[in-house]
Amino acid sequence: MTTIEAPRTPAARSSRGKNWEKWGWIYMRFSGLILVVLIFGHLLINLVLGDGVKQIDFAFVAGKYATPFWQVWDLLMLWLALIHGGNGMRTLVNDYAYNRVVNRILKWAILAAVVVLIVLGTLVIFTFDPCPAGAAASDLPSFCPAR
């Protein structure tokens, strides 16, 4: 005795495995909330408290990146904002790029841009050294011990 299987519909296919659209939607909500806290905390510390915008210079940034707390804070802002923005752009591409080839090219370009910016930003955050060894004294900021 043979059984006839019903044709698979997109809804039937999405019930198996992960629903990436649902997880993308959830990520956007949670990352948005966390980003609001991180960004307003960043603005409060950098612009409202202390001397305001006058205090922001190379030494201020160097002092912040000398502590793991600010490295992690900025790393979270970087990763969450880039993934959040990339996911939003992916949604726009899905909504407006009807051609399958163009859709894939645009989504791969978004992914490549997000990955490159995350890698470069992470490297800057963790390898930033305002006083590199072996640099000429004339090239170093005034707060470096070599001067």
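The exercises below, each with a worked solution, concern a predicted model of a protein.

**Exercise 1. The overall fold**

Determine how many helices and strands the protein has, and state the pattern along the sequence.

*Solution.*
Step 1. The protein contains five helices and zero strands.
Step 2. Read along the sequence, these elements give the pattern α-α-α-α-α.
Step 3. Of the 147 residues, 24% count as buried.
Step 4. Among the contacts with a separation of 6 or more, 60% join residues 24 or more positions apart.

**Exercise 2. The lengths of three helices**

Compare the span of α2, α4 and α5 with the span expected at 1.5 Å a residue.

*Solution.*
Step 1. The expected span is 1.5 Å times one less than the number of residues.
Step 2. Helix α2 (residues 20–48) has 29 residues and reaches 40 Å from its first C-alpha to its last, close to the expected 42 Å.
Step 3. The 29 residues of α4 should span 42 Å, and the end C-alpha atoms of α4 are 42 Å apart, which agrees.
Step 4. For the 28 residues of α5 the expected span is 40 Å; the end C-alpha atoms of α5 are 40 Å apart, which agrees.
Step 5. Beyond the end of α2 comes G50, which has a positive phi, near 75°.

**Exercise 3. The packing of α2 with α4**

Classify how α2 and α4 are oriented to each other, and give the handedness of their crossing.

*Solution.*
Step 1. Helix α2 and helix α4 (residues 68–96) pack at an angle of about 140°, and their axes are 9 Å apart.
Step 2. An angle over 145 degrees would count as roughly antiparallel; α2 and α4 are therefore oblique to each other.
Step 3. The crossing of α2 and α4 is left-handed.
Step 4. The residues of this contact comprise 16 nonpolar, nine polar and three charged.
Step 5. Buried in α2 are G24, M28, S31, L35, L38, G41 and N46. The buried residues of α2 pack against α3 and α4.

**Exercise 4. The packing of α4 with α5**

Classify how α4 and α5 are oriented to each other, and identify residues that meet.

*Solution.*
Step 1. The angle between α4 and α5 is about 175°, with their axes 10 Å apart.
Step 2. Angles over 145 degrees count as roughly antiparallel, and α4 is therefore roughly antiparallel to α5.
Step 3. In the contact, residues of α4 including L75, L78, L82 and V93 meet residues of α5 including I110, V114, L117 and I125.
Step 4. The residues of the contact divide into 14 nonpolar, six polar and three charged.
Step 5. The buried residues of α4 include W70, W73, L75, L80 and L82; the buried residues of α4 pack against α2, α3 (58–64) and α5.
Step 6. The buried residues of α5 are N103, I110, V114, I118, G121, T122 and I125, and they pack against α4.

**Exercise 5. The surroundings of L117**

Is L117 buried, partly exposed or exposed, and which residues does L117 touch?

*Solution.*
Step 1. L117 lies in helix α5 (residues 100–127).
Step 2. Buried requires under 20% relative accessible area and exposed over 50%. The relative accessible area of L117 is 44%, so L117 is partly exposed.
Step 3. Not counting residues up to four places away in sequence, L117 touches L78 and L82.
Step 4. L117 and L78 are 39 residues apart in sequence, and their C-alpha atoms are 8.8 Å apart in space.
Step 5. L78 and L82 are among the residues of α4 that meet α5.

Key:
Residues are numbered from 1 along each chain as its sequence is written. This is a predicted model: local features need pLDDT of at least 70, side-chain atom pairs count only at pLDDT 80 or more; totals for chains, interfaces and linings use all residues. Side-chain values use heavy atoms; hydrogens and water are left out. Helices (H or I, at least four residues) and strands (E, at least two) are DSSP runs, numbered from the N terminus. Buried means under 20% relative accessible area, exposed over 50%, partly exposed in between (1.4 Å probe, protein chains only). Contact means heavy atoms within 4.5 Å. Axes are lines fitted to C-alpha atoms, for helices over the stretch in contact, and angles run from 0 to 180 degrees between N-to-C directions. Angles under 35 degrees count as roughly parallel, over 145 as roughly antiparallel, 65 to 115 as roughly perpendicular and the rest as oblique. A crossing is left-handed if the near helix is turned anticlockwise from the far one by less than a right angle, and right-handed if clockwise. Ala, Val, Leu, Ile, Met, Phe, Trp, Tyr, Cys and Pro count as nonpolar, Asp, Glu, Lys and Arg as charged, and the others, Gly among them, as polar.
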